[in-house]
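Dear colleague,

Please find below the structure that I am handing over to you. My notes on it follow directly after.

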Amino acid sequence: MIPAEDLQCLKAIALGGGCRGPVFVSTQSIGEMLAISQQTASRRLKGLETQGFITRTMAADGQHVTLTRHGEEELRKEFQDYCRIFSDHTKGYTLSGTVVSGIGEGKYYMSLPAYKEQFNTHLGFVPYPGTLNIRLSPASVPVRKKIDALNWVRIKGFSTDGRTFGDARCLPCRIGDISCGIVVPGRTHYPEDIIEVIAPIALRRRLGVGDTDNVSVEVGQ
Ligand SMILES: Cc1cc2nc3c(=O)[nH]c(=O)nc-3n(C[C@H](O)[C@H](O)[C@H](O)COP(=O)(O)O)c2cc1C
């Protein structure tokens, strides 16, 4: 495997256009880019040439450098690693935790037609009146923060009988093969490690779970 510092140097040359043709570099410019001394930059370029990653022609105040096919391949390998790292995100997220009881307020809010209709429109099911509360494991708390960046649906607040009901947001998810939604009410009093999940059916009954039982929620693909 090519050393990281050589790879950095190849990347700097490629960013200057060195994959397309000769680019003029001085040991000073490379040194500044990589935060290394001119002497080290000079040694590094020489090393890259010896290993067949670049070709060089010397000029009066610097050199013209081109990446060889071999050099470009090394950069491509790195690129593919990054693709794998970042495309993993599209595979989805898993939030795990244990079932906890609330005080039953979710049931009240989820029974209101103005909320129910919006969930039906956005999630494709009429939600069961109630929310399943899950206390996330410590490992799932950062995942919960990450999914904040996904495309949540806005559930609009409304007024009825002289009372106002707040906005909420919702994200489609799954528990096993059951289509569900994570609901975050704008006025919730729950801390960040508790999520509320809604579904077309009574989740506790369907999953056969009660307080302290483990549940995993899948978001994304
Ligand atoms: C769709 C939806 C809308 C909500 N709107 C409000 C609201 O307007 N005002 C409020 O104080 N709480 C609102 N809540 C939050 C509940 O007060 C509470 O945080 C939560 O649902 C807890 O339910 P639980 O006691 O069943 O665990 C809403 C909850 C849901 C699911």
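How many bridges join strand S9 to strand S10? Eight bridges join S9 (residues 168-175) to S10 (residues 178-185), and the two strands run antiparallel. Strands (E, at least two residues) and helices (H or I, at least four) are DSSP runs, numbered from the N terminus, and two strands pair if DSSP finds at least two bridges between them.

Please note that this is a predicted model: local features need pLDDT of at least 70, side-chain atom pairs count only at pLDDT 80 or more, and totals for chains, interfaces and linings use all residues. Residues are numbered from 1 along each chain as its sequence is written.

Ala168 has Pro185 in S10 as its bridge partner. The hairpin of S9 and S10 has two residues between the strands, and Gly176 takes a positive phi near 60° there. S10 is also joined by three bridges to S11 (residues 194-198), again antiparallel, with Ile182 opposite Val197 in S11.

S10 also takes part in the ligand surroundings. Of the 21 residues around the ligand (C-beta atom, placed from the backbone, within 6 Å of it), Gly102, Gly106, Tyr109, Gly166 and Pro185 come nearest. Helix H5 (105-110) and S10 are the elements that give two or more residues to this shell, and H5 gives the most, with five residues. By class, the shell has nine nonpolar, eight polar and four charged residues. Here Ala, Val, Leu, Ile, Met, Phe, Trp, Tyr, Cys and Pro count as nonpolar, Asp, Glu, Lys and Arg as charged, and the others, Gly among them, as polar.

A further sheet is open and has three strands in the order S1-S3-S2, with antiparallel pairing. Its edge strands are S1 (23-25) and S2 (54-59), each pairing on one side only. Three bridges join S1 to S3 (residues 62-67), and Phe24 stands opposite His64 in S3.

Helix H2 (residues 27-34) and helix H3 (residues 38-50) pack at an angle of about 100°, with their axes 8 Å apart. Axes are lines fitted to C-alpha atoms, for helices over the stretch in contact, and angles run from 0 to 180 degrees between N-to-C directions. H2 and H3 are therefore roughly perpendicular (65 to 115 degrees).

Finally, the chain is divided into domain 1 (4-88) and domain 2 (92-219), with bounds from an automatic or database domain assignment. The C-alpha centres of the two domains lie 50 Å apart.

With kind regards

Terms used. Angles under 35 degrees count as roughly parallel, over 145 as roughly antiparallel, 65 to 115 as roughly perpendicular and the rest as oblique.
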